[in-house]
Amino acid sequence: MVTEKDVEHIGELADIGIDTCELATFTGQFNAIVEYFDILDRVKGEGTVNRDLFNILREDTVEPSLSLEEATRNAGATEDGYIKAPRVM
Amino acid sequence: MESRTICFEPDDRYNAFLRTCPTAPHGEGQLAGVAIAVKDNISTRGIETTCASRILKGYVPPYDAHAVSLIRDAGAAIAGKTNMDEFGMGTSTENSAFGPTLNPCDPSRVPGGSSGGSAAAVAAGMVPMALGTDTGGSIRCPAAFCGIVGLKPTYGRVSRYGLIAYANSLETIGPMAQNVADVSLLMSVIAGPDRKDTTSYDRPYNHTPDSDINGVKIGIPKEYFGKGVDPAIAESVNRAIGRLEELGAVSVPCSIPSMEYALAAYYVICTSEASSNLARFDGVRYGPAADTKKSWHAAYQDVRKEGFGPEVRRRIMLGTFALSAGYYGKYYAKAQVARENVRKDFTRLFADVDVICGPTMPTIAFKLKEKSDPLSMYLSDILTVPVNLAGIPAISVPCGKVQGMPVGLQIMGRPFEDERVVDVAYAYEQAVKV
């Protein structure tokens, strides 16, 4: 059973921003879906990773890329050729 | 070289397009001057690309997706960007931030999703071909609901470079068109290796559809005709299989026991991948700007609450939950076992049969707003998600009507045998052509 408190916590972890008035609806939907997921408890077998391809890497050499102007054109805010972000500290 | 232009100003009464290119340049080649619609989660240089989300409003990609580069090189004109469920999350195209697309066969019904705009644009005759993407049925479902043809290629056969990621272990770009020959033609242009997508294979598609299916062995899984599937749909698909038998194919009953867990496994995996992939939308590098005066988490949460629609927020939270400490083993790890079991079931069946056939969707297109509860919408994907879990190719081709609405015959094949599913679809299409 997922509680409103759980949903609030998950919303925090996911940085999704939940309003208090949304909690009841999201919690109800969450419970119905998670209850359906519980069918997976009955799955039998071993988990194996199916790897036909792995570690496909290229040489670490400089190749043509976006210009500074192209790379920053969609940013919300820029300063001196840098992208501005909210403060972390 | 793009040197000439076409004029593209369609009567878009179904809201199939989010934006059109009234003067679309094109070059020479296999697709010279052909107007192609591109789903809005596929990057197009210089053309706004939003994934039908407010969080990407105004985003103009500085580069083309590999598949888009290939169709431009083949001479195609990019006619516009098509509507979809936000980030591909939905089965009806109702989860678009810019309003739903309507089904051209009956505008009171949904076109299916998430590539509903691409399907409606083709079905309404606005374009002959379109690119869609398929994570859990998003090409095949709208193809079935709108009465067109859609191919979900083998995973790795078409580069995902420039496809804005939602669930990258499941999704692929693929062709949609009014007929099988055009789907095959578009597939021949977009398939092949790409060093910018490390999961792409060097398996080009150079194929002309062949209607000779004499001796082809078809598996008919009982799970595709059981509980939850409208009996009228099952009857229509059975008639189509009968037609394939008249053409020389042989059908045998079979079973996919792992189907019981496939839908839950699919939703655990796709939401988990979404929770990681969509973390990049933070209002810093693209989309509506974050308030840089606020703290990181406060600014991030404001942007995402405002920018993402309810279904996207729900799936990000479900994925965060499924991957969180204490629940990972119960959900994500189990879902991976279930996924492997689906793959094993297909491998076992394909040792004996060449293709597997069943309905694409369990019902005809539903009415707008008919499925307001998220879980009931998810359950509609039951017949399409096994293919994505296994990474195999599958095509949906129209096979009659129920209550005046199109029904899709789904043909699934072995990995990298996209040609064979195309041939079986082509044989059926040619046989019923009036």
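The following paragraphs describe the domains, nonpolar cores and selected backbone features of a predicted model.

Chain B is divided into two domains, of which domain 1 is made up of residues 4-254 together with 349-432, while domain 2 covers residues 262-332. The centres of these two domains of chain B, taken over C-alpha atoms, are separated by 26 Å. Where the domains meet, 29 residues of domain 1 of chain B and 22 residues of domain 2 of chain B take part in the contact. On the side of domain 1 of chain B that touches domain 2 of chain B, the elements that supply two or more residues are helix 10 and helix 11 (385-390) of chain B. Of these, helix 11 of chain B provides the largest share of that side, namely four residues. When the residues on this side of domain 1 of chain B are sorted by character, 17 are nonpolar, eight are polar and four are charged.

The largest nonpolar core contains 153 residues, and the members that touch the most other members are Ile36(B), Met176(B), Ala265(B), Val268(B) and Ala425(B). Helix 6 of chain B, which spans residues 259-277, gives the most to this core, with twelve residues. The core also draws on both parts of chain B, since at least three of its residues come from each of domain 1 (4-254 + 349-432) and domain 2 (262-332). Ala425(B) may serve as an illustration: leaving aside residues up to four places away in sequence, Ala425(B) touches Val149(B), Val180(B), Ile395(B), Val397(B) and Ile411(B). A second core, separate from the one just described, has five residues, among them Val284(B), Ala299(B), Tyr300(B) and Val303(B).

Several backbone features lie in loops. In chain A, Asp15(A) is found in the loop between helix 1 (4-13) and helix 2 (23-37), and its phi is near 50 degrees, a positive value in a residue other than glycine. Asp15(A) counts as buried because 20 other C-beta atoms lie within 10 Å, and 20 or more is the number required for that class. In chain B, Lys369(B) likewise has a positive phi, near 65 degrees, although it is not a glycine, and Lys369(B) lies in the loop between strand 11 (355-359) and helix 10 (374-379). Lys369(B), however, is classed as exposed because it has 10 C-beta neighbours inside 10 Å, where the limit for an exposed residue is 12 or fewer. A further feature of chain B is the cis peptide bond that joins Gly113(B) and Ser114(B), with omega about 10 degrees. Ser114(B) is found in the loop that runs between strand 5 (77-82) and helix 2 (116-123) of chain B.

Technical notes: Residues numbered from 1 in each chain as written. Chains lettered and ligands numbered in written order. Predicted model: local features only at pLDDT ≥ 70, side-chain atom pairs only at ≥ 80, totals over all residues. Core = buried A, V, L, I, M, F, W, Y, C linked by C-beta atoms within 7 Å. Domains from an automatic or database assignment. Contact = placed C-beta atoms within 7 Å. Nonpolar A, V, L, I, M, F, W, Y, C, P; charged D, E, K, R; others polar.
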